[in-house]
Protein chains: 2
Amino acid sequence: MEITFAAFPGFTALDLIGPYDVLARLPGTSVQFVAAESGPVTDSRGLIEVPAARSFAEVSQPEVVVVPGGAITRRMVRDGHPLIDWLREVHPHTRFTTSVCTGSLLLGAAGVLDGLEATSYWVAREQLADFGATPLDERVVERGRVITGAGVSSGIDMALLLVARLAGEEAAQIIQLAIEYDPAPPFDAGSPATASPAIVAAVRARVAANLAAASA
Amino acid sequence: MEITFAAFPGFTALDLIGPYDVLARLPGTSVQFVAAESGPVTDSRGLIEVPAARSFAEVSQPEVVVVPGGAITRRMVRDGHPLIDWLREVHPHTRFTTSVCTGSLLLGAAGVLDGLEATSYWVAREQLADFGATPLDERVVERGRVITGAGVSSGIDMALLLVARLAGEEAAQIIQLAIEYDPAPPFDAGSPATASPAIVAAVRARVAANLAAASA
């Protein structure tokens, strides 16, 4: 089995590496990165590199697709992007099409979420309605062969569920223990429902600044 | 402020990228990667690359050090490694010396944990006693300016605590919400205390196989 990560310059590192380090542990599975052009693709800070062995044009029948997010996704949706065109073409044939964080906006722009319930990064979630989707305030939303995750760190939860679907719950539990995923956040601020209003406002302001920078 | 990640070929991707995506979000902070030689350093699967801008010899006074783990750490401890020598030299001057997963074995080999309580990947935790440390079954152990995390995914929890120490709890909560770290694992198998005996045995067998491959 092959897991295909759809990469683009400016992806959020943890969006992609969380699911990568879960899915690559599945026995008999290989992971590949594809992008608009083959070659190295760097994250939002220009530091972390993933190697796109092939371009979108060279991968027409991916089995399982994972799409990370990033501030740049809004510009990709606004201006169009080869990744969105590729998703539109390949999705009818995939076994699973999945996203982390604002990767769901790319799924939406490709028509994948039309008429479906889905989730996204909390700041962007309502934007899913623009694509005919019903936004849900859930960590991971599975609807048939489309699985969407909430913000950044949710990719670990999403990928463990995906492993369970691909190979069974025992396989997923083995990987969960292998990465010792027994989370213990030091604060209870991981959701806008539990964070203080000041923290929520601070993150909204930062996201707005990041979006402005990514759109420039 | 500068956060220095001590990289080595064969690091576990999520060990490093979890803390990276937390710590790089701290305003006024830059991250750098250092390694035995400057240049790209690849993860255990030879796919993910981090750019070591400088070699250990060129970084003599790092402020905050983060050391990831990987199966290769056992060979590094057995055979000696420039990272261990560097840790021994720089630790007396750091503000914080920290590790994720079996990165704590490298701290131990450098003498950093002598007489301290510390944690590590659950499979390797007892090995900390070889370095004069007292192993604790905890997600994150903070003793003065030495902070150690449990396996792989614990680096997110460790890094959030580190941010709180460096910049206050509000700064840490902002980052926790920014990465929507409100974990919801689909199974309760993230610790050997909650996973079934069959799952624990399966992970032990896989780790043994990984260690054998990494030692060869």
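In this predicted model, I174(B) is found in helix α6 (residues 169-178) of chain B; helices here are DSSP runs of H or I with at least four residues, strands are runs of E with at least two, and both are numbered from the N terminus. Residues are numbered from 1 along each chain as its sequence is written, and chains are lettered from A in the order in which they are written. Local features need pLDDT of at least 70 and side-chain atom pairs count only at pLDDT 80 or more, while totals for chains, interfaces and linings use all residues.

I174(B) makes a convenient starting point. It counts as buried because 25 C-beta neighbours lie inside 10 Å (the cut-off for buried is 20 or more other C-beta atoms within 10 Å, with C-beta atoms placed from the backbone). Leaving aside residues up to four places away in sequence, I174(B) touches I199(A), A202(A) and V203(A), where contact means C-beta atoms within 7 Å. From T102(B), 72 residues apart along the chain, I174(B) is separated by 28 Å between C-alpha atoms.

These partners in chain A lead to the contact between the chains, which takes 54 residues from chain A and 54 residues from chain B. On the side of chain A that touches chain B, at least two residues each come from α1 (13-23), β4 (49-55), α5 (154-167), α6 (169-178) and α7 (197-215). The most is given by α6(A), with eight residues. By class, this side of chain A has 35 nonpolar, nine polar and ten charged residues (Ala, Val, Leu, Ile, Met, Phe, Trp, Tyr, Cys and Pro are nonpolar, Asp, Glu, Lys and Arg charged, and the others, Gly among them, polar).

How are the two chains related? Chain A is superposed on chain B by a rotation of 180° with 0.0 Å of shift along its axis, at an RMSD of 0.0 Å; the fit is by least squares on C-alpha atoms of residues with pLDDT of at least 70 in both copies. That is the relation of a two-fold axis. Among the residues of chain A, E49(A) comes closest to the rotation axis, with its C-alpha at 2.5 Å. The copies meet through the same surface, because 100% of the interface residues of chain A are also interface residues in chain B.

Within chain B, the axes of helices α1 (residues 13-23) and α5 (residues 154-167) come within 8 Å and cross at roughly 30° (axes are lines fitted to C-alpha atoms over the stretch in contact, and angles run from 0 to 180 degrees between N-to-C directions). α1(B) and α5(B) are therefore roughly parallel to each other, a term for angles under 35 degrees.

Note on methods. Two residues are in contact if their C-beta atoms, placed from the backbone, lie within 7 Å. Angles under 35 degrees count as roughly parallel, over 145 as roughly antiparallel, 65 to 115 as roughly perpendicular and the rest as oblique. A residue is buried if 20 or more other C-beta atoms lie within 10 Å of its own, exposed if 12 or fewer, and partly exposed in between; C-beta atoms are placed from the backbone.
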